[in-house]
Structure formats: C-alpha cells, structure tokens
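Trainee: Could we go through this model together? I should like to begin with the overall fold and then turn to the interior and the surface.

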Amino acid sequence: MYLTKGEKSFVIAYAAVIAVAAGITVLIVSGLEGVNAQPVGSPLFVLWTILAGGLSGAVALYTARGWMGRTGAMGFGRAIIGAIAVALIASVAAGMLIAPVFGAAYAPVLLISEFIAKPWLAIAWFVVLIGAHMLMGVLTEERAFGLGRSAKQRATERLSTLSRTQLYHRD
C-alpha cells in the first residue's frame, strides 16, 4: 500500500494520540484505587480499559479534526482549542465505554482533576496534540499544493464513471 508523506504523517498523528489516550485512561483508572495500583478487575477489564482509551482518542481526534492541521498563528490557536476539545471528547467517550452509567459524567471531571494534580500529564497531552497538529498540517499543505494521490491521476479519472463511459469510450 502506497502512502504519501502527508498520509504517513496523518497515520503517525493518529497512532500517537491513540497511544497517549490509552495510557492516560489506564493512569486515571488505576489512580482511582490508590497510588501505584492496577485497574481493578480481571485482565479482560484492563484490556478493555486500554482499548476504550485508544478508541476514544481516535474518535475524539476524528471528531475534532477540523480544528487541527491548519497553518499559521490562527491555525495554532485553533489547535489549542482542538486539543482541549479532543481531551474532553475522549474523556466522555472513554467514560461511557468503561462505566456506562456514570462514566460520561465523571470522566471529564476526573481528567481535569488529574491535569491539575499532575501538570506533567497535561503537558504531555498537549505536546502530543500539538505534534499531531503539525503532522496533520503536512497533509493539509500537500493537498493545498496539489501533491499526493490526486496529482498522479489522469485527467479522465476525476470524471464520474458515467462520464468516462459516455465521453471516452474505447472502440
């Protein structure tokens, strides 16, 4: 499978956000039980916590993708707002997946309290999201300059199938 430079950077951005979201989710869930505790329950619950954190990070980044990847000072400002939105959306999604009844309500509060109690965690989250913003910007610039997959297509491939059949049929 061939990926352009921008598409590769986009995949790396998603992978980084998924990994950090899963890690922060496990850290917060294990922190509920005390210092240096593992998440309560069976190994399947631990696995589910990791999967829920990663899935929520991917969904949150996909939901807030319009805020990320823009260039310039205004784009950086939008990325800061996008990072906050991704954090809150990911916490709600992970909370719903882990504890369906109260998780969606308490997860954003837990996330904010963890960010206040452990500023290094908030810094790590925002560094990863700003990095993802820069990586997503590579794809945005690639598309703006007409590079990538669409530049390698023939002119007739941009037409619909019906138009190609009607106008450029082969004898």
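**Fold, core and surface**

Mentor: The chain has six helices and zero strands. Please keep in mind that this is a predicted model.

Trainee: What pattern does the chain follow along the sequence?

Mentor: The pattern is α-α-α-α-α-α.

Trainee: And what share of the contacts join residues at least 24 apart?

Mentor: Counting contacts between residues at least 6 apart in sequence, 68% join residues at least 24 apart.

Trainee: How many of the residues count as buried, as a percentage?

Mentor: The chain has 171 residues, and 35% of them count as buried. Its accessible surface is about 10,500 Å², with 70% of that belonging to carbon and sulfur atoms.

Trainee: Let us turn to the interior. Which residues of the largest nonpolar core touch the most other members?

Mentor: They are V17, L61, V86, W125 and L129, in a core of 25 residues. Two or more residues each come from α1 (5–31), α2 (43–63), α3 (72–98), α4 (103–117) and α5 (119–144). The most come from α5, which gives eight residues.

Trainee: What does V86 touch?

Mentor: Leaving aside residues up to four places away in sequence, V86 touches A60, L61, A64, W125 and L129.

Trainee: Now α2, please. What is its span, and what should it be?

Mentor: Its end C-alpha atoms lie 30 Å apart. That agrees with expectation, because the 21 residues of α2, at 1.5 Å a residue, should span 30 Å.

Trainee: Which residues of α2 are buried?

Mentor: The buried residues of α2 are T49, A52, G53, G54, S56, G57, A58, A60 and L61. Their cover includes α1, α3 and α5.

Trainee: And on the surface, which residues form the nonpolar patch?

Mentor: The patch consists of L44, L47, W48, L51, L55, V59 and L97, and together they have about 650 Å² of accessible area. The largest share, six residues, comes from α2.

Trainee: Take L47 as an example. Why does it count as partly exposed?

Mentor: L47 is found in helix α2. Its relative accessibility is 45%, and partly exposed covers values between the buried limit of under 20% and the exposed limit of over 50%. L47 therefore counts as partly exposed.

Trainee: What is the general tendency for nonpolar side chains?

Mentor: In soluble globular proteins, nonpolar side chains tend to be buried together. In this model, α2 gives two or more residues to the largest nonpolar core and six residues to the surface patch.

Technical notes: Residues are numbered from 1 along each chain as its sequence is written. This is a predicted model: local features need pLDDT of at least 70, side-chain atom pairs count only at pLDDT 80 or more; totals for chains, interfaces and linings use all residues. Side-chain values use heavy atoms; hydrogens and water are left out. A nonpolar core is a set of buried Ala, Val, Leu, Ile, Met, Phe, Trp, Tyr and Cys residues joined through side-chain atoms within 4.5 Å. Buried means under 20% relative accessible area, exposed over 50%, partly exposed in between (1.4 Å probe, protein chains only). Helices (H or I, at least four residues) and strands (E, at least two) are DSSP runs, numbered from the N terminus. Contact means heavy atoms within 4.5 Å. Patches are made of residues with over 30% relative accessible area and no salt bridge: like charges are joined within 9 Å, nonpolar side chains (Val, Leu, Ile, Met, Phe, Trp, Tyr) within 5 Å. Accessible areas come from the Shrake-Rupley method with a 1.4 Å probe; for residues, only the protein chains shown count as cover. A salt bridge is a side-chain nitrogen of Lys or Arg within 4 Å of a carboxyl oxygen of Asp or Glu. The expected span of a helix is 1.5 Å times one less than its number of residues.
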